[in-house]
Amino acid sequence: MTGTERGGPRTAGNSAGNSWTVRPCSAEPGLLSEGPRWDGDRNELLWVDVLAGRLHRAGLGADGQLRVLQTFQVPGHLGAAAPAARGGYVLAAGPGFLHVDDAGAIRELAQPEAGRTDVRMNDGACDPQGRFWAGTMAYDEAPGAGCLYRLDLDGSCTQVLTGLTISNGIGWSPDGTTMYLADSGTADISAFDFDPATGDLGRRRTIVHISAADEVPDGLTVDHRGNIWVALWNGAALARYHPDGSLLDTIPLPVDRPTSCAFGGAGGGILFITTAREGLGEAALARQPDAGRLLRLDSPGVTGPPCTPYHGPVAT
């Protein structure tokens, strides 16, 4: 798939016969841009550059472009972030969970993988009750080396799942009774029965398995109708699935490696898409000058919610 000129919109058809407008909306590319989250209280988009250890917060201009307002630098690799209801941001970084306040001061919340140098935190998000969930992966992507952790409302940290490979996109159904989790190592998306009151997981089933060579599910989000939007790493596309796992749409993108997506903007009608340059050679980058930048997909009639802030404690 060839890239578009920077700043130019792309109108793409898909398997359902719909038409989507996709265009770049950020200036500087990241190496591994990930984890977009729309902060509804501030009307800002958050995202991370995993390998650079940076968290960006940006406003949306009248021209539809993101303007970076602040960048936080953290030590090591940064997998995911979410706003904290009590101020600042909660992070899945390095071997555990951190908090960064608006001035950039960092403190540890929990370090479940302390002392390990072979694994790192990866993607994460808050459930509808405000617990922060994030998974891990081994640097060598060893099968079964990843886990999923939950940072609870009292500040305690619980290991919820083991045996994952690359714990990735996570989201919840609109009624809050189903949790979805992508494992990029196995190319599966699982659905779990979810208890909103306790955060416990119940029955697990695989609803999607991607069998295309080298193409895997990465980050995901869930729209107001309950459909699941998934970034296809190495697939140059987004996929939209029904909650039962049946494929509804495939939306081509001008980059090979989309990493995640999130709804935001006025009314939640913009789908922001993070992308990566990591691992792409000169020829591939020449074809896709927007690799590493954020894209926006505008689609009338499709909306999704802002992220839920973390509601646990963030200061002593």
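## A tour of the strands and cores

Select Arg57 first: its bridge partner in β6 is Gln70. This is a predicted model, in which local features need pLDDT of at least 70, side-chain atom pairs count only at pLDDT 80 or more, and totals for chains, interfaces and linings use all residues. Residues are numbered from 1 along each chain as its sequence is written, and side-chain values use heavy atoms, with hydrogens and water left out.

**Confidence**

Colour by pLDDT, the predictor's confidence in each residue, from 0 to 100. The chain averages 93, and 94% of its residues reach 70 or more. Now select residues 1-11. Here pLDDT stays under 50, and the model has 38 contacts beyond four places in sequence for this stretch. Contact means heavy atoms within 4.5 Å. Where pLDDT is low, the predicted coordinates should not be read in detail.

**The sheet around Arg57**

Return to β6 and select residues 54-60, strand β5. β5 and β6 pair in the antiparallel sense over seven bridges. Strands here are DSSP runs (E, at least two residues), numbered from the N terminus. Two of them pair if DSSP finds at least two bridges between them. Widen the selection to the open sheet of four strands, ordered β3-β4-β5-β6, with antiparallel pairing. β3 (33-39) and β6 (66-73) stand at the edges with a single partner strand each, so one side of each lacks a neighbour in the sheet. Neighbouring strands are turned by 25° against each other on average, direction ignored. For such angles, axes are lines fitted to C-alpha atoms, and values run from 0 to 180 degrees between N-to-C directions.

**A second open sheet**

Next, select β7 to β10. These four strands form an open sheet in the order β7-β8-β9-β10, with antiparallel pairing. β7 (78-83) and β10 (106-110) are the edge strands, each pairing on one side only. The twist averages 30° from one strand to the next. Zoom in on β9 (residues 96-100), which four bridges join to β10. Leu98 has Glu108 in β10 as its bridge partner.

**Strand β16 and its hairpins**

Select residues 178-183, strand β16. Six of the six residues are buried, so the strand is largely enclosed by the rest of the structure. Buried means under 20% relative accessible area (1.4 Å probe, protein chains only). Thr178, Tyr180 and Ala182 point one way, and Met179, Leu181 and Asp183 the other.

Add β15 (residues 167-172), which runs antiparallel to β16 and is joined to it by four bridges. Ile170 stands opposite Leu181. Five residues lie between the two strands of this hairpin, and Gly176 in the turn has a positive phi of about 75°.

Then add β17 (residues 188-194), which pairs with β16 in the antiparallel sense over six bridges. Here Leu181 stands opposite Ser190. This hairpin has four residues between its strands, and Ala187 takes a positive phi near 65°.

Centre on Thr178. How accessible is Thr178? Its relative accessibility is 13%, and it counts as buried. Beyond four places in sequence, its contacts include Trp172, Phe192 and Arg205.

**The cores**

Finish with the nonpolar cores: sets of buried Ala, Val, Leu, Ile, Met, Phe, Trp, Tyr and Cys residues joined through side-chain atoms within 4.5 Å. The largest has 33 residues, of which Leu55, Leu91, Ile189, Ile228 and Tyr241 touch the most other members. Its largest share, four residues, comes from strand β20 (residues 228-233). Apart from this core lies another of 18 residues, among them Trp20, Ala231, Ala284 and Ala291.

Definitions and conventions:
Buried < 20%, exposed > 50% of the residue type's maximum accessible area, 1.4 Å probe, protein only.
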